Structure formats: C-alpha cells, structure tokens
Amino acid sequence: MTEARKVYGSLNSPATLKLLALLFELDVPFEFVAVDLDAGEHKKKPFLSMSPFGEVPVYEEGGIIFFESRTTMRCMAHQYGHKGEEALIDWDSRKQAVVSNWVDVEDHHFEPPALKLIFELAIKPSKGLGPDEVVVAEAEAGLAKVLDVYEARLEKFKYLGSEKYTIVDVMHLPNMQSLLGTAAKKLIESRPRVSAWCSDILARPAWAKVIDMQKKAQDHSAM
C-alpha cells in the first residue's frame with residue numbers, strides 16, 4: 001500500500017513552489033491541498049496544529065509532518081533522490097556539505113534581497129502601488145553581490161552545488177522566475193554564467209509542471 005503524501009501550501013508561495021518542483025523532479029506522487037493565505041487559513045488552528053509558525057508549505061507522509069521547506073527538501077532528496085546520474089544529493093558527506101553551504105547561501109544571502117525586489121517591483125505594482133526606490137536600490141546592491149559570487153562559482157561548476165543539478169538549484173527556481181519578470185532581470189542577464197545557469201534550470205520539465213499547476217489554478221479562479 002502506497003503511503004499518502006500531501007503538500008499543504010499556496011501556489012503564490014515561493015517556498016511551496018520549491019517543494020513542488022523537487023517532488024516533480026523526484027517523480028514522487030502527492031496530493032496538493034491549497035491553503036488560502038489571503039483568507040488567513042495558515043493562521044487558524046487546523047493549520048497551526050501542523051505548522052506552529054503558520055507558514056507554508058507543510059508536507060505530510062506516513063503520519064510524519066514537516067513544516068520547514070528546506071529541511072523537507074533535504075529529507076526528500078535523501079529518501080528519493082538517488083536516480084543514477086540524476087541523483088539530487090550525494091552519499092559522500094563532504095559533497096553533501098558543499099551543497100549545504102550553497103543551500104545556506106540561498107537562504108541567507110540570495111532570497112532576502114530577491115524577495116524585497118519581487119515585492120517592490122512585481123507585487124506592489126500589481127496592486128497599483130509604486131516601488132520604494134530606496135529599498136529597490138539597497139536590494140539590488142545586495143543581490144548583485146550574491147550574483148557576483150554565483151558568477152565566479154559557475155565558472156568552475158555547471159551548477160551551484162556541483163557539476164550535477166541538486167536541491168540548491170531547485171531552491172532558486174521560483175525567485176529567479178519572478179525576478180526575470182521585473183526590471184531586476186538586468187542583474188541576471190548582465191552575468192553570462194548566471195544567465196545561462198538560470199535558463200538551464202528554468203527549462204527543467206519538473207519546473208514546467210509547477211508553472212502548469214499555477215496556470216490551471218489561475219484559469220480556474222478566473223472562471
């Protein structure tokens with residue numbers, strides 16, 4: 001009997017999209033349970049019983065609940081990620097540590113300025129609001145420093161974690177996709193190795209499945 005796997009999340013949440021991309025990459029079947037963030041479902045008791053900080057996504061498998069996306073992704077990669085040349089994590093502890101370094105970089109250095117730029121340049125304009133140019137300038141400077149590091153790293157390796165595609169590349173997908181839809185895309189396009197890497201990872205079939213999920217949800221809500 002196959003264990004039931006559920007992802008509770010929002011298709012507007014970058015963290016949810018990262019996990020979905022990984023599960024598609026690993027060919028792990030799951031049921032998606034939408035959590036309405038606008039209605040505050042993530043702050044109500046039923047959801048808080050699974051995620052004490054009221055954050056998405058939550059992953060449930062075999063009665064075990066995971067509520068931190070990067071930890072969940074590490075676990076899924078260890079459990080399901082060994083598919084020959086396409087293994088998303090390496091058994092070698094030293095190689096795992098290298099990937100973990102870059103996971104931490106994505107978490108602490110890349111995502112904070114990326115999310116600020118996405119909010120200022122995409123989310124606020126969609127609500128009829130103008131960006132805070134001071135915040136944009138600071139976030140662009142912060143992101144530029146990170147992308148300079150990435151450019152140097154990608155001179156030596158095809159992907160951030162190693163020569164192979166790993167979970168750290170998966171973790172960049174949603175925010176890279178969003179940044180390319182804003183004026184901040186210049187920061188990516190002006191760095192040839194970062195730009196090529198970005199095009200590569202965004203072309204993954206697993207990511208296309210996530211985009212398809214988003215589109216179908218948007219089409220359904222527009223009906």
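# Exercises on a predicted protein chain

The accessible surface of the protein chain comes to about 11,700 Å², and 56% of this area belongs to carbon and sulfur atoms. The model is a predicted one, and the exercises below go from the whole chain to single residues.

## Exercise 1: The overall fold

Task: Work out how many helices and strands the protein chain has, and in which pattern they follow each other along the sequence.

Solution. Begin with the count, which comes to nine helices and four strands for the protein chain. Next, read along the sequence, where the pattern is β-α-β-α-β-β-α-α-α-α-α-α-α. The radius of gyration can then be set against the globule rule: the value for the protein chain is 18 Å, close to the 17 Å that the rule gives for 223 residues, so the chain is as compact as a globular protein of that length. Finally, the C-alpha trace spans about 50 × 50 × 30 Å along its principal axes.

## Exercise 2: Burial, contacts and charge

Task: Find what percentage of the residues is buried, and what percentage of the contacts between residues at least 6 apart in sequence joins residues at least 24 apart.

Solution. For the first part, buried residues make up 44% of the 223 residues in the protein chain. For the second part, take the contacts between residues at least 6 apart in sequence; of these, 65% join residues at least 24 apart. A further step concerns charge, for the protein chain carries 27 positive and 33 negative side chains, with the centres of the two sets lying 1 Å apart.

## Exercise 3: The cysteines

Task: Decide how many disulfides the model contains, and whether Cys198 is buried or exposed.

Solution. A disulfide is a covalent bond between the sulfur atoms of two cysteines. A pair counts when the sulfur atoms are within 2.5 Å, and by this rule the count comes to zero disulfides. Turning to accessibility, Cys198 has a relative accessible area of 1%, and because buried means under 20%, Cys198 is buried. Cys75, with a relative accessible area of 25%, is partly exposed.

## Exercise 4: Two alanines in helices

Task: Locate Ala77 and Ala196 in the secondary structure, and say how accessible each of them is.

Solution. Ala77 is found in helix H3, residues 69-80, and is buried, with a relative accessible area of 0%. Its C-alpha lies 9.8 Å from that of Glu25, although Ala77 and Glu25 are 52 residues apart in sequence. Ala196 belongs to helix H8, residues 192-202, and counts as partly exposed at 49% relative accessibility. Between Ala196 and Leu154 there are 9.5 Å from C-alpha to C-alpha, with a separation of 42 residues in sequence.

## Exercise 5: Residues in the loops

Task: Describe the places of His42, Pro57 and Asp27, together with the backbone features at the last two.

Solution. Start with His42, which lies in the loop between strand S2 (31-34) and helix H2 (45-48) and counts as buried at 15% relative accessibility. Leaving aside residues up to four places away in sequence, His42 touches Val35, Asp36, Leu37, Phe47, Leu48 and Gly54. Continue to Pro57, in the loop between H2 and strand S3 (58-61), where a cis peptide bond with omega of about 5° joins Val56 and Pro57. Asp27 lies in the loop between helix H1 (14-25) and S2; Asp27 is exposed, with a relative accessible area of 55%, and its phi is near 60°, a positive value in a residue other than glycine. As background to these backbone features, most residues other than glycine have a negative phi, and most peptide bonds are trans.

Key: Residues are numbered from 1 along each chain as its sequence is written. This is a predicted model: local features need pLDDT of at least 70, side-chain atom pairs count only at pLDDT 80 or more; totals for chains, interfaces and linings use all residues. Side-chain values use heavy atoms; hydrogens and water are left out. The radius of gyration is taken over C-alpha atoms; the globule rule is 2.2 Å times the number of residues to the power 0.38. Buried means under 20% relative accessible area, exposed over 50%, partly exposed in between (1.4 Å probe, protein chains only). Contact means heavy atoms within 4.5 Å. Accessible areas come from the Shrake-Rupley method with a 1.4 Å probe; for residues, only the protein chains shown count as cover. Lys and Arg count as positive and Asp and Glu as negative; His and the chain ends are not counted. The place of a charge is taken as NZ of Lys, CZ of Arg, CG of Asp or CD of Glu.
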